[in-house]
Amino acid sequence: MRNMSVDLCGVKLKNPLIAASGTFGFGREYDELYDISAWGAIAVKGLTDEPRAGNPPRRIAETSSGILNSVGLQNPGVDAFIRDELPRLASRGATVIANVAGSTAESCAEAARKLSDSPVAMIELNISCPNVKQGGAQFGACPEDAARVTAAVRSVCSRPLMVKLSPNVTDIASIAQAVQDAGADAVSLINTVTGMAIEARTRRPALANITGGLSGPAIKPIALRMVWQTAGGVRVPVVGMGGITTGTDAAEFMIAGATAVMVGTANITDVMAGPRILRELEDFLDENGIEDAGELTGSLILD
Ligand code: SIN
């Protein structure tokens, strides 16, 4: 019997597939369709210390091979999440990763501090949202700022801390090294690639915020390259994401160096993507005589 479980900085995941933050909400809708505890973990929608309404509509635009979003971190706030959403997720047996964001290092730290006292397994610090005016991708744009926010959260966070990185930088591996040195236990990448869409007939931007973050199959080659470069430059585990749509895509990210992977946009285009991709990854292992999913990590052959 193959072993699908992986160890992500001390958190045992039953398999390497994680529902990516922002594409799975708090799991309510999917809970009606399948057993959401089948995921290795669920990264919930980004949480801020105070509730946020997000950006004005229109916030989503479909592109030829991906989705452009400018949600702007709409969420009910950490306290409401802990009170209204987490008990249901915990009762399902889901391993929960709380994605945390904020306008300042202090507000990120306050959200992470509250979550550290809750039954979440891990914190994912979001320093890469391209759709907010303060914080977000600004924090992840240079090693110094990324390290400063990570250190502020680390100082109050008793859970394993993963930092989610932006691809909209010149050298993502140097940002990964900076957050590792500031106390991160893992890094996740990539968040969305900044883009825009225009409606030619009206000559107006498709999104009210004009620009947004592109996700989906269009960004997969960029993500694979960045996961490979980052995994070669850090000691902490890397969680890979960006356009994973099939079990073979997941295997490719692990071969590039990822310990686990996140499935995002595929949840929106196929509501059953989670169980399907897990089945496909299991089939890939069986077909290739691999007994332990972890054997894939960093197994890229360069000759
Ligand atoms: C958003 O809420 O705008 C997306 C979150 C993100 O890209 O981190």
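Start by selecting I190, which sits in the loop that joins β10 (186-189) to β11 (193-196). This is a predicted model. Show the backbone here and look at the bond that leads into I190: the peptide bond from L189 to I190 is cis, and its omega is near 10°.

Next, select P57 and R58. The peptide bond between P57 and R58 is also cis, with omega near 5°. R58 belongs to the loop between β4 and β5 (60-63).

For another backbone stop, go to C9. Its loop runs between β1 (6-8) and β2 (11-13). Check the phi angle of C9: the value is near 40°, which is positive although the residue is not a glycine.

Now turn to the ligand and display the residues around it. The surrounding residues are K45, N69, V71, G72, L73, N126, C129, P130, N131 and N191. By class, this shell holds 4 nonpolar residues, 5 polar ones and 1 charged one. Hide the ligand for a moment to see the space it takes, which is the largest pocket.

Bring the ligand back and pick out its oxygen atoms. Which parts of G72, L73 and N131 should be selected with them? For G72, choose the backbone, where an N or O atom lies 2.7 Å from an oxygen atom of the ligand. For L73, choose the backbone again: a polar atom there is 2.7 Å from a ligand oxygen. For N131, choose the side chain, which places an N or O atom 2.7 Å from an oxygen atom of the ligand. On its own, the ligand has 260 Å² of accessible area, and the protein covers 92% of that.

Last, colour the aromatic side chains. How many aromatic pairs does a search of the whole structure find? There are 4 aromatic pairs. One to select is F24 with W39: the ring centres are 5.6 Å apart and the planes stand at 80°, over the 60 degrees needed, so the pair is edge-to-face. Why does this pair tie together separate parts of the chain? F24 is in the loop between β3 (17-19) and α1 (28-31), while W39 is in the loop between α1 and β4 (41-43), so the parts brought together are 15 residues apart in sequence. To view the pair, centre on both rings and turn the view until the angle of their planes is clear; a pair of aromatic rings is described by the distance of the centres and the angle of the planes.

Notes. Residues numbered from 1 in each chain as written. Predicted model: local features only at pLDDT ≥ 70, side-chain atom pairs only at ≥ 80, totals over all residues. Heavy atoms only, no water. Near = heavy atom within 4 Å. Polar contact = N/O pair within 3.5 Å; in protein donor to acceptor, adjacent residues only side chain to side chain. Areas by Shrake-Rupley, 256 points an atom, 1.4 Å probe, with all protein chains shown as cover. 1 Å grid on protein atoms, 1.4 Å probe; cavity = no way out; pocket = protein on both sides within 12 Å on 5 of 7 lines; lining within 4 Å. Sits in = over half its atoms within 2 Å of the grid points. Nonpolar A, V, L, I, M, F, W, Y, C, P; charged D, E, K, R; others polar. Phe/Tyr/Trp six-rings, centres within 6.5 Å; stacked < 30°, edge-to-face > 60°. Helix = DSSP H or I, 4+ residues; strand = E, 2+ residues; numbered from the N terminus.
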